[in-house]
Amino acid sequence: MLGSLDQVATGQESQLFENYIRGLYERWREELEFPDSAEYRRHGISSYINEEQFFACIRRFAVSIYENVFVAKAGASVFLEKSPNNSLNAELILRCFPEAKFIHVIRDGRDVAASMLAARSGWGKIWAPRYGERAAIEWRDAVRSSRRLRELTERYIEVRYEEL
């Protein structure tokens, strides 16, 4: 619905933070913790750039990906990234985009579980749970994780899918 607004550009779920940036960030953290002694030496990009520069690079990378969505929607001034697992990467997203806003759309857990189980027989066979109990647990954990955002930023709101 938000993507239909003239000022909002959006596309498919990019999984940018979950599948790409998070791994790079974790490697960066490992490099910083690598012992600096006579036996070991600091290595990797952490030996070239500091944390501020690292996040500036990550931000430029993300923006270069998202810019392609803006090209498809002339006049848009807001980018909407709708990957559900962004809630798992909220701290990292806020480090890259401190001005980011989070809209948590909560759908009835029963509908989510039914949708996940239906996806299992088609396009979601790789990731969707096999059983309703597992789907319910995943829904519960995702809602809890997303609500943790309230502690990280004032730019978080919740809406109920059924109320839209």
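This tour moves through the structure one selection at a time, saying at each stop what to select and what is there.

**The whole chain**

Begin with the whole protein on screen, and keep in mind that this is a predicted model. Its secondary structure comes to 6 helices and 4 strands, and if you follow the chain along the sequence you will meet them in the pattern β-α-α-β-α-β-α-α-α-β. Taken along the principal axes, the C-alpha atoms fill a box of roughly 60 × 45 × 30 Å.

Now switch on the surface, which comes to about 11300 Å² of accessible area, with 53% of it belonging to carbon and sulfur atoms. Of the 164 residues in the protein, 29% are buried. If you then turn to contacts between residues with a separation of 6 or more, you will find that 68% of them are accounted for by residues 24 or more positions apart.

**Before helix 1: Gln 15**

Select Gln 15, which is found in the loop between strand 1 and helix 1. What is unusual about the sign of phi in this residue, given that it is not glycine? Phi of Gln 15 is near 55°, a positive value. As background, most residues other than glycine have a negative phi. Gln 15 also counts as buried, because its relative accessible area is 17% and the cut-off for buried is under 20%.

**Helix 1**

Next, select residues 16–33, which form helix 1. This helix has 18 residues and reaches 25 Å from its first C-alpha to its last, which is close to the 26 Å expected at 1.5 Å a residue. Look along the helix for a kink of about 35°, centred on Arg 22.

Which residues of helix 1 are buried? They are Leu 16, Phe 17, Glu 18, Ile 21, Trp 28 and Glu 31, and as you colour them it helps to remember a general point about helices. An α-helix has 3.6 residues a turn, so residues three or four places apart point the same way. To see part of what covers the buried residues of helix 1, show helix 2 (51–72) and helix 3 (90–96), which are both included in that cover.

**From helix 1 to helix 2**

The structure holds 13 salt bridges, and one of them can be found by selecting Glu 51 and Arg 29, whose side chains meet with an N to O distance of 3.6 Å. Glu 51 lies in helix 2 and Arg 29 in helix 1, so this pair ties together parts that are 22 residues apart in sequence. Both ends of the bridge are partly exposed, with Glu 51 at 30% relative accessibility and Arg 29 at 28%.

While helix 2 is still highlighted, select Arg 60, which lies in this helix and is exposed, with a relative accessible area of 54%. Add Cys 96 to the selection and draw a line between the two C-alpha atoms: Arg 60 and Cys 96 are 36 residues apart along the chain, and their C-alpha atoms are separated by 9.1 Å.

**Two further salt bridges and a network**

Move on to Arg 110 and Asp 108, whose side chains meet in a salt bridge with an N to O distance of 2.6 Å. Arg 110 is exposed, with a relative accessible area of 65%, whereas Asp 108 is partly exposed, at 22%.

Then select Glu 158 and Arg 147, which form a salt bridge whose closest N and O atoms are 2.7 Å apart. This pair links distant parts of the chain, since Glu 158 is in strand 4 (residues 156–160) and Arg 147 is in helix 5 (residues 132–147), 11 residues apart. Glu 158 counts as partly exposed at 31% relative accessibility, and Arg 147 counts as partly exposed at 28%. For one more selection of this kind, choose Glu 18, Arg 22 and Glu 26, which are joined into one network by salt bridges that share partners.

**Last stop: a nonpolar patch**

Finally, return to the surface and select Met 1, Leu 2, Leu 5, Ile 103, Val 105, Ile 157, Tyr 161 and Leu 164, which make a nonpolar surface patch of about 780 Å². Within this selection, pick out Leu 5, which is found in the segment before strand 1 (8–10). Is Leu 5 buried, partly exposed or exposed? Leu 5 is partly exposed, because its relative accessible area is 38%, a value between the cut-offs of 20% and 50%.

Definitions and conventions. Residues are numbered from 1 along each chain as its sequence is written. This is a predicted model: local features need pLDDT of at least 70, side-chain atom pairs count only at pLDDT 80 or more; totals for chains, interfaces and linings use all residues. Side-chain values use heavy atoms; hydrogens and water are left out. Patches are made of residues with over 30% relative accessible area and no salt bridge: like charges are joined within 9 Å, nonpolar side chains (Val, Leu, Ile, Met, Phe, Trp, Tyr) within 5 Å. Accessible areas come from the Shrake-Rupley method with a 1.4 Å probe; for residues, only the protein chains shown count as cover. A salt bridge is a side-chain nitrogen of Lys or Arg within 4 Å of a carboxyl oxygen of Asp or Glu. Helices (H or I, at least four residues) and strands (E, at least two) are DSSP runs, numbered from the N terminus. Buried means under 20% relative accessible area, exposed over 50%, partly exposed in between (1.4 Å probe, protein chains only). The expected span of a helix is 1.5 Å times one less than its number of residues. The bend at a residue is the angle between axes fitted to the seven residues ending there and the seven starting there. Contact means heavy atoms within 4.5 Å.
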